[in-house]
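Visitor: I would like to learn how to read a small fold feature by feature. Could you take me through one?

Guide: Gladly; let us look at it together.

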Amino acid sequence: MPTYAYACTSCDHAFDAVQSFSDDALTLCPECGGALRKQYGSIGVTFNGSGFYRTDSRSGSGEKSGSAASSKTESSTNAKPAPAAAPAST
């Protein structure tokens, strides 16, 4: 169950509450009875790496995506760059 941070708009009392997703948000401060507001912080998730592909979450397709990735690597390493144009002489 997630933990939500609340702060009172009247007395600045701040606290955390463990609530289910289906629970209604708290509206009254337990200290003074004033209005509460949720506080939002930064998310603790970071995405690192080259990306997420649709085939990453499917079972049984490991061989297909692995062979496709290796063929892409081979074709990119075998490709030769185009020759540079010679400078124009005047």
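**Reading the fold, step by step**

Guide: Let us start with a contact list: leaving aside neighbours within four places in sequence, Cys 11 is in contact with Cys 29, Glu 31 and Cys 32. Please keep in mind that this is a predicted model.

Visitor: Where is Cys 11 found, and is Cys 11 buried or exposed?

Guide: Cys 11 is found in the loop between β1 and β2. Cys 11 is neither buried nor fully exposed, because its relative accessible area of 38% makes it partly exposed. From Cys 11 to Cys 32 the chain runs 21 residues, yet their C-alpha atoms are separated by 7.0 Å.

Visitor: With cysteines in contact, how many disulfides does a search of the whole structure find?

Guide: The general test is the distance between two cysteine sulfur atoms, which must lie within 2.5 Å. Here the search of the whole structure finds zero disulfides. Take Cys 8: the closest cysteine sulfur, in Cys 32, is 3.6 Å from its own, and that is too far for a bond. Seen from the other side, the closest cysteine sulfur to that of Cys 32 is the one in Cys 8, again at 3.6 Å and too far for a bond. Cys 8 is buried, with a relative accessible area of 1%, whereas Cys 32 is partly exposed at 44%.

Visitor: Now the sheet. What is the order of the strands, and how do they pair?

Guide: The general idea is that strands of a sheet pair through backbone hydrogen bonds, either parallel or antiparallel. In this model, three strands make an open sheet in the order β2-β1-β3, with antiparallel pairing. Its edge strands are β2 (14-18) and β3 (36-39), each of which pairs on one side only. Direction ignored, neighbouring strands of this sheet are turned by 40° against each other on average.

Visitor: How many bridges join β1 to β2, and how many join β1 to β3?

Guide: Strand β1 (residues 3-8) pairs with β2 over five bridges, while four bridges join β1 to β3. You can follow the register through individual residues: Thr 3 stands opposite Val 18 in β2. Tyr 6 has Phe 15 as its bridge partner in β2, and Tyr 6 also stands opposite Lys 38 in β3.

Visitor: What do β1 and β2 form, and which residue in the turn has a positive phi?

Guide: As background, most residues other than glycine have a negative phi. Here β1 and β2 form a hairpin with five residues between them, and the residue to look at in the turn is Asp 12. Asp 12 has a positive phi of about 60° although it is not a glycine. Asp 12 is also exposed, with a relative accessible area of 64%.

Visitor: And the loop between β2 and β3: is Gln 19 buried or exposed there?

Guide: Gln 19 sits in that loop between β2 and β3. Gln 19 is buried, with a relative accessible area of 7%. Its side chain is joined to that of Tyr 6 by a polar contact of 2.7 Å.

Visitor: Which other residues is Gln 19 in contact with?

Guide: Leaving aside neighbours within four places in sequence, the contacts of Gln 19 include Met 1, Pro 2 and Tyr 4, along with Asp 24, Ala 25 and Leu 26. Tyr 6 is a good place to finish, since you have now met it opposite Lys 38 in β3 and in the polar contact with Gln 19.

Note on methods. Residues numbered from 1 in each chain as written. Predicted model: local features only at pLDDT ≥ 70, side-chain atom pairs only at ≥ 80, totals over all residues. Heavy atoms only, no water. Buried < 20%, exposed > 50% of the residue type's maximum accessible area, 1.4 Å probe, protein only. Pairing = 2+ DSSP bridges. Helix = DSSP H or I, 4+ residues; strand = E, 2+ residues; numbered from the N terminus. Axes fitted to C-alpha atoms, helices over the stretch in contact; angles between N-to-C directions. Contact = heavy atoms within 4.5 Å. Polar contact = N/O pair within 3.5 Å; in protein donor to acceptor, adjacent residues only side chain to side chain.
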